[in-house]
Amino acid sequence: MDVNDVEFMRQALHLAERGRGHVEPNPLVGAVVVREGRVVGSGWHQRFGGPHAEVFALEEAGEAARGGTLYVTLEPCCHFGKTPPCTDAILRAGVKRVVAAMSDPFPEVRGKGIALLREHGISVEVGCLADEAEELNAPYLKLVRTGRPYVIAKWAMSLDGRIATVTGDARWISGEESRRKVHEVRGKVDGILIGIGTALADDPLLTARPHGPRTACRIVLDNRLRLPLSSRLVQTAKEVPVLIFHEPQADAASKHRLEAAGCECVSLPTTGRREAIDAVLDELGRRRFTQVLVEGGAEILGSFFDAGQVDETMVFVAPIIIGGRPALGPVGGRGAATLHKALRLARWTVEASGEDWLIRGRFRAASLDSVEPRS
């Protein structure tokens, strides 16, 4: 890769990140137009249904785009969706070269945009900072390739790995800055998921405060529909969505009362733990949820890990020791029988979060090249 290509593509990637929380289920895309070594136009996809990054960049460049190079973080679209094809705008602008970080696996595009540009004599190069582009759009890529949302597992724990004391006291393990970061993430995801145990023990609200660009649906896994009508989730269900997954045998009267209060209740076709997690993610994918934040409790987190359905971790570690043999750890479930089978983060970072540490990491995704995208 040419050093200038890397520099300009990195600028495009930074621009793309600005759309997070605003454009989903569309991908994050940034674009930069360069003429004679100078940036003459730039843009990013700013909101779902709005113009794409290439359009903003080319409009800003105007006539200066003619004969220049367009750097874009994802293959330009070549179909009519909510906006006209970006390839049309590129051809009209008269750029002579397009550098794309990666191709788009979306069935309506998937190499067709690249082929169309080449057919019209434009030089197209693909792969500049491809790893960074795939990481940027990991949630979008998972949804397109598997039909399921990207799952972030979040918890706060003490230095000795406890999420509560032996008496159940857990408020607050993490500090103010860590809680602020959680609210920031909540404001950018499509769903926040907990189990009925956490709902009963903590009576959480599960909203972003202050509001972010998205209003996440609150999701409760509640087989027997035990969520009280007096809970804060139910009391606010007509303002912020609440989605409850339950088993088919759940009490019909409880379902009627919860639905009358504004909740949506969905029966799972199975009560097997792994099968239930699969069914939940399939349903959320059908609703075009791109990212889901799983906040617990320990058994729900364990179920997601056991099912191999966690893509990223967001763990806050407080510099305190709780102790107590019965005190809960963050991840329940079956777990790994041997260290050889323990899940290992492929990429991770550690940063200060006020008085805590924040460890964020991603698991190595299975190869999805052979997975047929769902329509």
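Buried means under 20% relative accessible area. The structure is a predicted model.

**Exercise 1. State how Glu24 and Arg214 pair, and decide whether they are buried or exposed.**

Step 1. Find the contact. Glu24 and Arg214 form a salt bridge, with the closest N and O atoms 3.4 Å apart.
Step 2. Test it. A salt bridge needs a side-chain nitrogen of Lys or Arg within 4 Å of a carboxyl oxygen of Asp or Glu, so the pair qualifies.
Step 3. Place the partners. Glu24 sits in the loop between H1 and S1, and Arg214 in the loop between helix H8 (196-202) and strand S8 (217-221), so the bridge ties together parts 190 residues apart in sequence.
Step 4. Check the cover. Glu24 and Arg214 are both buried.

**Exercise 2. Locate the salt bridge of Asp278 and Arg148, and classify Arg148 by accessibility.**

Step 1. The side chains of Asp278 and Arg148 meet at 3.4 Å, N to O.
Step 2. Asp278 belongs to helix H11 (residues 273-286), while Arg148 lies in the loop between helix H6 (138-146) and strand S6 (150-158); the pair therefore ties together parts 130 residues apart in sequence.
Step 3. Arg148 has a relative accessible area of 14%, so Arg148 is buried.

**Exercise 3. Describe the Glu264 and Arg287 salt bridge, then extend the picture to its network.**

Step 1. The side chains of Glu264 and Arg287 form a salt bridge of 2.7 Å, N to O.
Step 2. Glu264 is in strand S10 (residues 264-267) and Arg287 in the loop between H11 and strand S11 (291-296), 23 residues apart.
Step 3. Glu264 has 37% relative accessibility, so Glu264 counts as partly exposed. Arg287, at 29%, is also partly exposed.
Step 4. Salt bridges link Glu264, Glu283, Arg286 and Arg287 in a network.

**Exercise 4. Characterise helix H1: its span, its cap and its cover.**

Step 1. H1 (residues 3-17) has 15 residues. From first C-alpha to last it reaches 22 Å, close to the expected 21 Å.
Step 2. Asp2 caps the N-terminal end of H1, with a side-chain oxygen 2.7 Å from the backbone nitrogen of Asn4.
Step 3. The buried residues of H1 include Asp5, Phe8, Leu13 and Ala16.
Step 4. Among the elements covering the buried residues of H1 are strand S1 (30-35), strand S4 (97-100) and helix H5 (130-136).

**Exercise 5. Place Val350 in the surface patch.**

Step 1. Val350 lies in strand S13 (residues 347-353).
Step 2. Its relative accessible area is 48%, so Val350 is partly exposed.
Step 3. Val350 joins Leu159, Ile321, Trp348 and Trp357 in a nonpolar patch on the surface, with about 580 Å² of accessible area together.

Note on methods
Residues are numbered from 1 along each chain as its sequence is written. This is a predicted model: local features need pLDDT of at least 70, side-chain atom pairs count only at pLDDT 80 or more; totals for chains, interfaces and linings use all residues. Side-chain values use heavy atoms; hydrogens and water are left out. Patches are made of residues with over 30% relative accessible area and no salt bridge: like charges are joined within 9 Å, nonpolar side chains (Val, Leu, Ile, Met, Phe, Trp, Tyr) within 5 Å. Accessible areas come from the Shrake-Rupley method with a 1.4 Å probe; for residues, only the protein chains shown count as cover. Helices (H or I, at least four residues) and strands (E, at least two) are DSSP runs, numbered from the N terminus. Buried means under 20% relative accessible area, exposed over 50%, partly exposed in between (1.4 Å probe, protein chains only). The expected span of a helix is 1.5 Å times one less than its number of residues. Contact means heavy atoms within 4.5 Å. A polar contact is a pair of N or O atoms within 3.5 Å; within protein, one must be able to donate a hydrogen and the other to accept it, and residues adjacent in sequence count only if both atoms are side-chain atoms.
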